[in-house]
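Work through the exercises below with the sequence and the model open. Each task is followed by a solution in steps.

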Amino acid sequence: MRNLQQQQQESEVAVPESWDVGRNNCITAINVQGTTPLSFPNLHHHHDIDHPIIHEKPGWKKFLSFVGPGFLVSLAYLDPGNLETDLQAGANHGYELLWVVLIGLVFALIIQSLAANLGVSTGKHLSELCKAEYPKLIKYCLWLLAEIAVIAADIPEVIGTAFALNILFNIPVWVGVLCTGLSTLFLLGLQRYGVRKLEMLIAVLVFVMAGCFFGEMSYVKPPASGVIKGMFVPKLAGQGATADAIALLGALVMPHNLFLHSALVLSRKVPNSVRGVNDACRYFLIESGFALLVAFLINVAVVSVSGAVCSINNLSSDDHHRCNDLNLNSASFLLQNVLGKSSSTLYAIALLASGQSSTITGTYAGQFIMQGFLNLKMKKWVRNLMTRCIAITPSLIVSIIGGSQGAGRLIIIASMILSFELPFALIPLLKFSSTSTKMGPYKNSIIIIVVSWILGIGIIGINVYYLTTAFVDWLIHNNLPKVENVFIGIVVFPLMAIYVLAVIYLTFRKDTVVTYIEPEKNVDPAVQSRMESGLAKPDISFQVDVAPYRQDLADIPFPE
């Protein structure tokens, strides 16, 4: 009997400690390629070898283990850039541009879920796949455009934070711009003392502002018919409607969010099985849908409040003047009916929290973009300082020359830049997620391919149309001498042609690099069944190989 027990102990397979699903934040993979199932003569007798009892998590617990990336990404849909474009859209056009908010966030849900699926199915994020697929010149161009998108997204955060400091402490806007360089570094430094508590505080402050707008919405009572009509009847009437619509789209659908979401999902543990990947994709879709629904309701409330207050017949002369040139620095008067004299202070605190939380997501996105395209890694504070210094430069110049009005216009310009940048992240995402060379059996269905490409081409077409018509209209109606107009046309029209040709190249270029690796089926049906079930503990009848820990994801502050 003693010899039999010794033989059984020697035949047991040691399970690595890192298999424990509660230990790290990496994707755990089972390597069955080239392994031979161990032979146990008496394996079918349950009394010879004790099998571990495996209990799968209930569905809601499994879902909660995937919550995090979608909500962190959704903070970018409540940043100062969104608030600025929402306020101006409501003040200038009432409820007529709500359909842009609806389409933008539906499209955002589709592409954010595609980005999450890409990361889960391939084990790589979008910038890493771009590096593997495209030639060196194209790769560096895409990296540069992605960095410009991060900087353009950081400009509203800089100006929004400066406006908040101006309201709270009555300091000049340009001084507040300089202070933003230190404020975010301070916030990042606080993460070591409990990042989840810090993020919860930021979320509470942002939702306090959302509650204020919902409260004001219930007070001013915008007509339900006007809100519903503006949400479901597309219309671009009035001066500047097209520009405001493009700015809304740019603020809602930001290219750096696609790089960010495809990387954040890699911090979750996904079994290397069909069921494990499908479950993860479904959970990320549910999480993103809920987070973006909240963001949609808040954006609709901001547009509706701005449109309702600024369309009142008995509006005072001061408020009428503010509505004609509405920006983040003067928007607190919209909340006076609910908050009274404290409206400006509470609005400024929430605006400050909105800017700071969005900046953290931009810092992470910049890290992943640089790591994926160039294989360079930076500490968070170094990356943040570099991006912030570049973003501060135009913000500082404009705030000194144009004051708060000029800074507010710069937010709109930055949002339009993001809209023009979108194709250079969107097209690779749509192509990668629709091809078997990258996704294998997890590629998009025909319906998703058609819907996503129709929406993507529509947004790209609007951008190209506005780019050409707005520039031609400016050339015709400006007061510059004809020689200068000719010179500007010679410079700008080739750049516009290059933009269009680059979009066409990315759209019709055939993907050639195969990054998806088909896992080899195990000869043991029991082993294969356990893999497809996505069970957390390995059976003793096969060997286990644990995926290496992603060092670039080591400091993502997600809960266990």
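**Exercise 1: a salt bridge and its setting**

In this predicted model, Arg-509 and Glu-133 form a salt bridge, with 2.7 Å between the closest N and O atoms. Task: find where Arg-509 and Glu-133 lie and state whether they are buried or exposed.

Solution.
1. Arg-509 sits in the loop between α21 (482-508) and α22 (525-532), while Glu-133 belongs to helix α6 (residues 126-133), so the salt bridge ties together parts 376 residues apart in sequence.
2. Arg-509 and Glu-133 are both buried.
3. Glu-133 and Arg-509 also belong to a network of salt bridges that includes Lys-438.

**Exercise 2: a pair within one helix**

Task: which helix holds both Asp-279 and Arg-282, and how is each classed by relative accessible area?

Solution.
1. Asp-279 and Arg-282 form a salt bridge, the closest N and O atoms lying 2.9 Å apart.
2. Helix α13 (residues 274-310) holds both, at a spacing of three residues, about one turn of the helix.
3. Asp-279 has a relative accessible area of 11% and is buried, because buried means under 20%.
4. Arg-282, at 41%, is partly exposed.

**Exercise 3: a pair between two loops**

Task: locate the two partners of the salt bridge between Lys-235 and Glu-96 and class each by accessibility.

Solution.
1. The side chains meet at 3.5 Å, N to O.
2. Lys-235 is in the loop between α10 (224-232) and α11 (241-252), and Glu-96 is in the loop between α4 (80-93) and α5 (98-122); the two are 139 residues apart.
3. Lys-235 is partly exposed at 40%, and Glu-96 is partly exposed at 26%.

Technical notes. Residues are numbered from 1 along each chain as its sequence is written. This is a predicted model: local features need pLDDT of at least 70, side-chain atom pairs count only at pLDDT 80 or more; totals for chains, interfaces and linings use all residues. Side-chain values use heavy atoms; hydrogens and water are left out. A salt bridge is a side-chain nitrogen of Lys or Arg within 4 Å of a carboxyl oxygen of Asp or Glu. Helices (H or I, at least four residues) and strands (E, at least two) are DSSP runs, numbered from the N terminus. Buried means under 20% relative accessible area, exposed over 50%, partly exposed in between (1.4 Å probe, protein chains only).
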